Amino acid sequence: MTSDARELAARFDLERLTPEFYVNPYPTYRALRDHEPVKRLPNGSYFLTRYDDLVTAYKNTKAFSSDKKKEFLPKYGASLLYEHHTTSLVFNDPPAHTRVRRLIMGALSPRAIAEMEGDLIALVDGLLDAIAEKGRFDLIGDFATAIPIEVIGNLLDVPHDEREPLRDWSLAILGALEPVLTPEQFARGNSAVQDFLAYLETLVARRRAKPGNPERDVLTRLIQGEADGERLSEKELLHNCIFLLNAGHETTTNLIGNGLVALDHHPMEKERLIEQPALIKTAIEEMLRFESSNQLGNRMIVEAVELGGIAMPAGTPVTLCIGGANRDPAQFPDPENFDVGRTPNRHLAFATGAHQCAGMALARLEGAIAISRFLARFPHYALAGEPIRGGRVRFRGFLSVPSAIEG
Ligand code: HEM
C-alpha cells in the first residue's frame with residue numbers, strides 16, 4: 001500500500017491526469033500529503049496538499065502573490081480574457097485588491113444577502129414543484145444549476161428575459177482557467193468575455209440612467225461606490241461584475257449537486273439530516289469540506305520561502321490543493337468520513353486570508369435553503385442512472401445526475 005502510494009505521489013503530474021483521478025482524486029491527494037506534500041511537478045511548479053501549508057500560503061500575501069499579469073500573458077496574450085482575469089479582484093494583490101474588495105464586500109452586505117432569502121425560497125420551491133410533476137429529473141440541470149444563476153441575476157437585477165446567455169458565458173470564461181488550455185477553450189472564453197462586456201455596458205448604462213435600490217441592488221451599489229467617494233473605474237466595474245457571476249455560479253451549483261450526491265452515497269447521514277433538520281448548517285460545511293467545489297487555487301512566489309523543508313525561489317508558481325487540505329488528518333479527525341454534524345470544521349473550501357471568498361455568506365444561504373427544502377420535499381430521492389462528471393480538475397462537480405423522487 002505504502003509503496004503504491006509513494007509511486008502514485010511520484011508519478012503525479014497536474015498536466016497528465018488519469019480518468020480515475022477525475023472520478024476520485026482523493027487517494028492521489030492522500031498519497032501526496034503523506035509522501036510529497038510539497039511536490040515539484042515536471043513543469044517546475046509546486047503542488048501543496050497539507051492544510052497548514054495552504055494556510056501559510058493564503059495568509060502570506062507578500063510572498064504568495066495572486067497577481068497574474070505576468071503569468072497569464074503567455075497563456076492568453078493581449079486578449080480580452082487577459083484583461084478580464086487580470087482586472088478581477090481575485091487575481092490582484094494589495095493595495096489594488098484591497099480597494100476593489102472593500103467596494104465589493106460593501107455591496108454584498110449582510111443586509112443585501114438577507115433581503116434575498118424570500119426570493120430564494122420561492123425560486124427553490126418553484127423548481128421543486130416542477131420536479132414533483134416530472135418524477136424523474138436531473139439533479140443538476142433541473143435543480144442545482146438553476147439556483148445560483150438566478151440569485152446572481154437578482155443580485156445585479158438583470159431582467160429575467162436577459163439571463164439566458166449568462167450561464168454559457170460564465171462556463172466558457174471559467175473553462176479557460178483549466179491548467180491545460182485548448183485553442184477552442186481559449187476562443188470560446190475570449191468571445192464570451194467580449195459578449196458579456198457588451199451586454200454589461202448596456203445594463204450599466206441603463207442602471208446609471210435609472211438607479212435601483214442600493215440596499216438590494218448590488219450593481220447600483222457598485223456604480224455609486226462608497227460614501228467617501230471611492231469608486232470602481234468602468235473597466236473594474238464591468239470585469240468584476242463578470243467575475244461575481246463566475247465566482248458564484250459553478251461553485252454554488254457544485255455545492256448543491258455534490259452535497260445531494262454525497263447524501264445519497266451516505267444514507268445514514270442522509271437519514272440523520274432528515275431527522276434533525278437543524279444540522280443543516282454543519283451539513284453544508286461538511287459538504288464544502290468533503291467535496292470542495294473549488295479544488296485548486298494558485299499563487300506565485302515573489303519572495304523566496306521555505307515550506308516543508310523545501311526552498312522555493314521567487315518566480316515559482318504554486319498550486320494550493322484545497323481538496324487535499326480539506327482531508328488532512330492533521331486538521332480533521334477521520335477525514336474520509338462524511339459527518340453532517342462535524343464540529344469544528346475549519347475547512348478551506350472558501351480559502352482563508354485576504355482573498356477569502358467574498359460571497360461565502362450567500363453561498364451558504366443558497367446551499368442551506370436548496371438542500372434543506374429539497375430533502376424535506378423528497379426525502380426518498382435516489383440517483384437513477386450514472387452521474388456524469390464535469391471532467392474538470394479545478395471545479396469539481398457533475399454535468400448531470402439522473403435522479404428520481406422515489407428511490
Ligand atoms: C460554494 C460556493 C463557493 C465556493 C466554494 C467559493 C470559493 C472561493 C474561493 C476558494 C475563493 C478564493 C480564491 C483564491 O484566492 O485563490 C473565492 C473567492 C471569491 N469568491 Fe467565492 N466561492 C463560492 C461562492 C461565491 C459566491 C456565491 C460569490 C458571489 C456572488 C463569490 C464571490 C467571490 C469573490 C468576489 C472572490 C474573490 C475574493 C478576493 O479575491 O478577495 N463566491 N471563492
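**The ligand site and a small sheet**

A polar side-chain atom of Arg101 lies 2.6 Å from an oxygen atom of the ligand, a polar contact being a pair of N or O atoms within 3.5 Å (within protein, one must be able to donate a hydrogen and the other to accept it, and residues adjacent in sequence count only if both atoms are side-chain atoms). The model is predicted, with local features needing pLDDT of at least 70 and side-chain atom pairs pLDDT 80 or more, while totals for chains, interfaces and linings use all residues. Numbering runs from 1 along each chain as its sequence is written, and side-chain values use heavy atoms, leaving out hydrogens and water.

Two histidines join Arg101 at the ligand. For His97, an N or O atom of the side chain is 2.6 Å from a ligand oxygen atom, and for His355 the distance is also 2.6 Å. The iron atom of the ligand has Cys357 (SG) as its only protein donor, at 2.3 Å; donors are N, O and S atoms within 2.8 Å of the metal (3.2 Å for Na, K and Ca), and water is not among the atoms, so sites may look incomplete. Cys357 sits in the loop between helix 18 (322-325) and helix 19 (360-377), helices being DSSP runs of H or I with at least four residues, and strands runs of E with at least two, numbered from the N terminus.

Helix 15 (234-265) gives the largest share of the shell around the ligand, 7 residues.

Elsewhere, an open sheet of 3 strands has the order 4-12-9 with antiparallel pairing, where pairing requires at least two DSSP bridges. Strands 4 (136-138) and 9 (382-383) are at the edges with a single partner strand each, so one side of each lacks a neighbour in the sheet.
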